[in-house]
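User: Please take a close look at one part of this structure, the salt bridges, and show how they fit into the chain around them.

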Amino acid sequence: MEHASFIIGSWVVTALAVGVYAGWIIKRGRDLARRSSDKDFPWT
């Protein structure tokens, strides 16, 4: 149990980094979608 704080801290930092990256990707995709015209969306 002497390394538990390091292991838990590593998991927290990793989860936080993945969450921030996912949020950035989603925000970037939404920003790009706003700047696109309807002809850029072939599925519509």
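Charges and salt bridges along one helix

Analyst: The chain carries 6 positive and 4 negative side chains, and the centres of these two sets are 8 Å apart. The model is a predicted one.

Some of these charges pair up: the structure holds 2 salt bridges. One of them joins Asp31 to Lys27, with 2.9 Å between the closest N and O atoms. Both residues belong to helix H1 and sit 4 residues apart, which is about one turn of the helix. In the other, the side chains of Arg34 and Asp31 meet, again with 2.9 Å from N to O. Arg34 and Asp31 are separated by about one helical turn, because they are 3 residues apart in helix H1. Asp31 takes part in the bridge to Lys27 and in the bridge to Arg34. The shared partner joins Lys27, Asp31 and Arg34 into one network.

How open are these side chains to the surroundings? Arg34 has a relative accessibility of 64%, so it counts as exposed, the cut-off for that word being over 50%. Asp31 has a relative accessibility of 29%, so it counts as partly exposed; a buried residue would be under 20%.

Now the rest of the chain. The chain has 1 helix and 0 strands. Helix H1 covers residues 4-35. The C-alpha atoms fill a box of roughly 60 × 15 × 5 Å along the principal axes. Of the 44 residues, 0% are buried. The chain exposes about 4400 Å², and carbon and sulfur atoms supply 68% of that area.

An unreviewed UniProt entry annotates residues 6-26 as a "transmembrane region". Over residues 6-26 the chain is 100% helix and 0% strand, and the C-alpha atoms at the two ends are 30 Å apart. Ser10 lies in helix H1, and at 30% relative accessibility Ser10 counts as partly exposed. From Ser10 to Trp24, 14 residues along the chain, the distance between C-alpha atoms is 21 Å.

Besides the charged network, there is a nonpolar patch on the surface, formed by Phe6, Ile7 and Trp11. Together these residues have about 420 Å² of accessible area. Phe6 is found in helix H1 and has a relative accessible area of 60%, so Phe6 is exposed.

To sum up the part you asked about: Lys27, Asp31 and Arg34 form one network of salt bridges.

Note on methods
Residues are numbered from 1 along each chain as its sequence is written. This is a predicted model: local features need pLDDT of at least 70, side-chain atom pairs count only at pLDDT 80 or more; totals for chains, interfaces and linings use all residues. Side-chain values use heavy atoms; hydrogens and water are left out. UniProt positions are given in the numbering used here, feature names are shortened, and annotations may be inferred rather than shown by experiment. Patches are made of residues with over 30% relative accessible area and no salt bridge: like charges are joined within 9 Å, nonpolar side chains (Val, Leu, Ile, Met, Phe, Trp, Tyr) within 5 Å. Accessible areas come from the Shrake-Rupley method with a 1.4 Å probe; for residues, only the protein chains shown count as cover. A salt bridge is a side-chain nitrogen of Lys or Arg within 4 Å of a carboxyl oxygen of Asp or Glu. Buried means under 20% relative accessible area, exposed over 50%, partly exposed in between (1.4 Å probe, protein chains only). Lys and Arg count as positive and Asp and Glu as negative; His and the chain ends are not counted. The place of a charge is taken as NZ of Lys, CZ of Arg, CG of Asp or CD of Glu.
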